[in-house]
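Open the model in your viewer and keep the selection tool at hand. We will go from stop to stop, picking residues and strands as we go.

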Amino acid sequence: AILASSLTSISVAASSNWSIEDDYTASWSRQQAEKVALTEETTAPIIDLDFEDVAPDVWVWDTWPLQNRDGSLANVKGYRIAFALVAPRTYTWHDRHTEARIGMFYSKNGKDWTYAGIPYDYDNALGHMQWAGSAMLDEKGKVHFFYTATSDMNANGGKEFNQDGWVQRAEQRLAKTTFDISADKNGVHLTNEGDHQILLEADGHHYETIEQFQEHGNIITGFRDPFFFKDPNTGEEYIIWEGQAGTNRNDIKPENIGDKEYRESHNVPDHAKFYNGNIGIAKVLDNDVTKLEILPPLLESVGVNHQLERPHVVVKDDTYYLLTISHEFTFAPGLTGPDGLYGFVGEGSLRTDYKPVNGTGLVVANPAEKPFQAYSWWAAPDGQVISFINEPVDENGQVKFGGTFAPTLKVSFDGDKTKIVKEMQAGEIKPFGPYGRSLK
Ligand code: FRU
């Protein structure tokens with residue numbers, strides 16, 4: 001049963017999908033999250049520990065390709081282009097987040113990648129560091145470079161104490177710049193760097209601000225990972241991102257718990273209310289993607305999971321798959337699940353009553369014996385899933401830090417089911433078509 005979150009949505013609840021402006025937010029409930037489990041279809045193969053470093057001088061993690069406006073893979077004079085978070089290996093693996101920048105990679109065959117350094121002047125970039133984003137090549141040849149402008153996590157000692165315990169302070173805002181792009185026999189070049197501008201900040205209502213977080217927050221707040229998405233069914237454009245519930249949505253509501261029967265027998269642990277992840281959305285109002293209208297979140301995991309990271313969308317005809325990465329350690333008390341790519345499926349429109357795919361919600365899970373081997377999976381419109389090697393363990397349980405591209409996986413999407421169908425090479429990206437279509 002659908003539990004509408006406001007009066008406006010009750011009036012249209014019968015259709016089970018909503019117009020994007022409606023104040024309806026789907027819930028990943030505690031009842032649903034109890035069903036998270038590894039299955040053969042969704043467990044990733046074990047990654048060989050004998051991997052190569054794509055860029056030996058830098059740690060490499062969250063990765064995304066340059067896409068055309070319609071979602072297809074950009075092709076610039078025969079080159080494919082990817083961006084990834086990078087930090088010099090002089091920083092420890094764990095300190096890399098605090099000095100993250102966005103590096104560029106290019107490849108002619110989509111398998112052998114050349115690291116081309118950081119394409120922007122980081123004195124001009126916003127934030128102390130730049131976290132994940134997305135990149136779109138428009139019809140005039142401009143690269144729209146979306147990223148998260150994040151404040152210095154080490155400022156004032158980095159951590160602070162609130163009623164919930166120690167938390168990490170890092171303010172995040174959605175930002176962008178632009179470039180011209182060219183390619184020749186020496187590779188791909190981004191030139192004519194534009195101004196860096198803030199696109200969006202948390203509003204406090206639907207999305208938690210840093211001040212709200214300081215009062216009642218947990219772990220770290222989230223207003224990050226802008227993903228550009230053009231809906232193939234409507235032609236409308238959006239930015240979606242990882243948020244946290246603001247004042248309007250911060251309490252655990254019945255739909256965050258489960259159906260009536262479940263609620264009668266289920267005790268929500270007290271501390272669960274501090275786990276308040278959501279997936280934010282804003283409508284793009286102009287062709288240059290500089291004006292955004294903030295909208296209620298598409299999905300929330302209040303009382304269930306603190307982080308719905310790097311959200312993105314795969315569309316097949318009228319079926320929408322809302323995908324997001326999450327961690328074992330960000331599940332609320334009383335719940336658990338692996339580090340993995342989680343998926344929610346709904347019909348008819350981007351704002352819909354999303355339900356966990358496969359019954360479990362998992363699309364790609366790390367195998368039980370290697371629970372942290374990879375992370376930050378990102379699915380292309382055709383189901384190719386890239387990720388990075390994170391912290392695999394050897395047979396003695398010793399961690400080998402990754403920091404490089406993991407083998408790509410191919411995932412099939414069929415109704416409310418998904419399945420890992422193939423393992424490809426490390427970092428491999430084959431050309432893919434616009435949203436809703438794959439290239440044969
Ligand atoms: C996911 C993530 C992103 C963030 C980045 C910071 O791996 O947490 O949400 O942008 O890493 O390093």
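**Stop 1: T25.** Select T25. With 28 C-beta neighbours inside 10 Å, T25 counts as buried. Here a residue is buried if 20 or more other C-beta atoms lie within 10 Å of its own, exposed if 12 or fewer, and partly exposed in between, with C-beta atoms placed from the backbone. T25 sits in the loop between β1 (17–18) and β2. Now add A374 to the selection. The two are 349 residues apart along the chain, and their C-alpha atoms are separated by 30 Å.

A word on what you are viewing. This is a predicted model, in which local features need pLDDT of at least 70, side-chain atom pairs count only at pLDDT 80 or more, and totals for chains, interfaces and linings use all residues. Residues are numbered from 1 along each chain as its sequence is written.

**Stop 2: the whole chain.** Zoom out. The chain holds 5 helices and 28 strands. Both are DSSP runs, numbered from the N terminus: helices are H or I with at least four residues, strands are E with at least two. The radius of gyration of the chain, taken over C-alpha atoms, is 20 Å. The globule rule (2.2 Å times the number of residues to the power 0.38) gives 22 Å for 440 residues; the two values are close, so the chain is as compact as a globular protein of that length. The C-alpha trace spans about 65 × 50 × 45 Å along its principal axes. Buried residues make up 50% of the 440.

**Stop 3: the core.** Select V60, L322 and V364. Among the 113 residues of the largest nonpolar core, these three touch the most other members. Strand β4 (residues 80–88) gives the most to this core, with 7 residues. Such a core is a set of buried Ala, Val, Leu, Ile, Met, Phe, Trp, Tyr and Cys residues joined through C-beta atoms within 7 Å.

Stay on V364. What is V364 in contact with, leaving aside its neighbours within four places in sequence? Its partners include T42, A44, W377, L409 and I420. Contact means that the C-beta atoms of two residues, placed from the backbone, lie within 7 Å.

**Stop 4: a hairpin from L409.** L409 leads to the next selection. Pick strands β27 (residues 407–414) and β28 (residues 417–426). They run antiparallel, joined by 7 bridges. Strands count as paired if DSSP finds at least two bridges between them. The bridge partner of L409 in β28 is E423. The hairpin has 2 residues between its strands, and G415 takes a positive phi near 60°.

**Stop 5: the ligand.** Select the surroundings of the ligand. Which residues come nearest? They are H97, W131, A132, E309 and S376, out of 15 around the ligand. A residue is near if its C-beta atom, placed from the backbone, lies within 6 Å. The shell has 6 nonpolar, 3 polar and 6 charged residues. Ala, Val, Leu, Ile, Met, Phe, Trp, Tyr, Cys and Pro count as nonpolar, Asp, Glu, Lys and Arg as charged, and the others, Gly among them, as polar. Five strands each supply at least two shell residues: β3 (58–68), β7 (129–137), β14 (224–230), β18 (309–316) and β24 (374–379).

**Stop 6: from β7 to β11.** Follow β7 to β8 (residues 142–150). The two run antiparallel, with 7 bridges. A135 stands opposite F145 in β8. There are 4 residues between the strands of this hairpin, and G141 has a positive phi near 90°. In β8, 8 of 9 residues are buried. Next, β8 is joined to β11 (residues 172–184) by 9 bridges, again antiparallel. There F145 has T177 as its bridge partner.

**Stop 7: an open sheet.** Go back to β14. It belongs to an open sheet of 5 strands with mixed pairing, in the order β2-β17-β16-β15-β14. The edge strands, β2 (26–27) and β14, each pair on one side only. β14 pairs with β15 (residues 237–244) in the antiparallel sense over 5 bridges. F227 stands opposite I240.

**Stop 8: two unusual loops.** Most residues other than glycine have a negative phi. V289, not a glycine, has a positive phi of about 55°. It lies in the loop between β16 (276–284) and β17 (292–302). Is V289 buried or exposed? It is buried, with 21 C-beta neighbours inside 10 Å. Finish at N358, where phi is positive, near 60°. N358 lies between β22 (355–356) and β23 (362–365). It is partly exposed, with 19 other C-beta atoms within 10 Å.
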